[in-house]
Amino acid sequence: MSKAGAEYGGALFELAVEEGLTERLTPEVEEVARILSENPGYVRLLACPTVPVGERLAALREAFEGKIHARLLSFLLLMTENRRAAYLPDALIEYRRLFWEYAGIATGRAESAVPLTDGQKERLTAALSRRIGKRVELTYTVDPALLGGVRVTVDGRLFDGTVSEKLAGIREEFSALTL
């Protein structure tokens with residue numbers, strides 16, 4: 001995360017809080033962040049000094065005007081006009097982080113040997129929310145090397161309930177025994 005991206009994202013979030021726009025802007029910030037991450041060439045275009053700034057601003061207006069809140073569009077235009085478009089992805093990530101913190105949402109990743117059912121995901125999320133004391137939102141990945149169980153990382157904390165981890169614990173107990 002760049003310092004400039006963090007500062008700009010923080011400023012956008014502060015503005016959203018001051019104006020009571022967090023609920024409105026957050027899904028739009030998520031969508032713009034998704035679009036930019038899927039189209040890195042677009043960010044390069046917005047940051048390209050050889051493309052006249054007027055053309056870069058027109059490209060932003062064409063892509064987003066009438067589709068996102070005017071405050072968010074103004075933010076994108078301002079960053080582009082001030083030669084800070086390269087920091088847009090970082091700024092939007094920082095906004096998202098600040099919103100999650102503000103809303104009491106913990107984010108993380110769950111890895112399992114096989115895909116989890118919707119019911120398993122709901123139970124896992126509920127159990128983690130109770131344990132952490134925050135609403136938990138997870139992304140899910142499959143890693144067959146885990147053999148079974150689930151490994152979850154939430155806000156930097158590891159919860160490892162995998163078969164591999166349990167076997168390692170048993171192995172450690174046996175090696176500690178003296179015969």
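A nonpolar core is a set of buried Ala, Val, Leu, Ile, Met, Phe, Trp, Tyr and Cys residues joined through side-chain atoms within 4.5 Å. Buried stands for under 20% relative accessible area, exposed for over 50%, and partly exposed for what lies in between, with a 1.4 Å probe and protein chains only.

The model is predicted: local features need pLDDT of at least 70, side-chain atom pairs count only at pLDDT 80 or more, and totals for chains, interfaces and linings use all residues. Residues are numbered from 1 along each chain as its sequence is written, and side-chain values use heavy atoms, with hydrogens and water left out.

**Exercise 1. Find the largest nonpolar core and the helices that supply it.**

Step 1. Start with Val32, Leu72, Phe75, Leu76, Leu88 and Tyr95, the residues with the most contacts inside this core of 29 residues.

Step 2. Now trace the helices: H1 (3–18), H2 (22–38), H3 (40–47), H4 (53–64), H5 (70–81) and H6 (88–103) each supply at least two residues of the core. Helices here are DSSP runs of H or I with at least four residues, strands are runs of E with at least two, and both are numbered from the N terminus.

Step 3. Look for a second, separate core too; its eleven residues include Leu124, Leu138, Val150 and Phe159. As background, nonpolar side chains tend to be buried together in soluble globular proteins.

**Exercise 2. Which residues are in contact with tyrosine 95, leaving aside neighbours within four places in sequence?**

Step 1. Contact means heavy atoms within 4.5 Å.

Step 2. The partners of tyrosine 95 are Gly9, Leu12, Phe13, Ala16, Thr22, Leu25, Thr26 and Val29.

Step 3. Pick out threonine 22, which lies in helix H2. Threonine 22 counts as buried because its relative accessibility is 8%. With the neighbours within four places again left aside, its contacts include Phe13, Ala16, Tyr95 and Phe99.

**Exercise 3. Describe the lining of the largest pocket.**

Step 1. On a 1 Å grid over the protein atoms alone, a pocket is an open set of points where a 1.4 Å probe fits, with protein on both sides within 12 Å along at least five of seven lines; lining residues have an atom within 4 Å of a point.

Step 2. The lining consists of Arg97, Trp100, Glu101, Ile105, Thr107, Gly108, Lys134, Glu137, Leu138, Thr139 and Asp155.

Step 3. Helix H6, strand E1 (105–112) and strand E2 (135–142) each supply at least two of the lining residues.

**Exercise 4. How do strands E3 and E4 run, and how many bridges join them?**

Step 1. Strands pair if DSSP finds at least two bridges between them. E3 (residues 149–154) and E4 (residues 157–162) run antiparallel and are joined by six bridges.

Step 2. At one position, valine 154 stands opposite arginine 157 in E4.

Step 3. Move to the turn: this hairpin has two residues between the strands, and aspartate 155 there takes a positive phi near 45°. Aspartate 155 counts as partly exposed because its relative accessibility is 44%.

**Exercise 5. Is leucine 158 buried or exposed?**

Step 1. Locate leucine 158 in strand E4.

Step 2. Leucine 158 counts as exposed because its relative accessibility is 52%.

Step 3. Leaving out residues up to four places away in sequence, leucine 158 touches Arg151, Val152 and Thr153.

Step 4. For comparison, arginine 151 in strand E3 counts as partly exposed because its relative accessibility is 23%.
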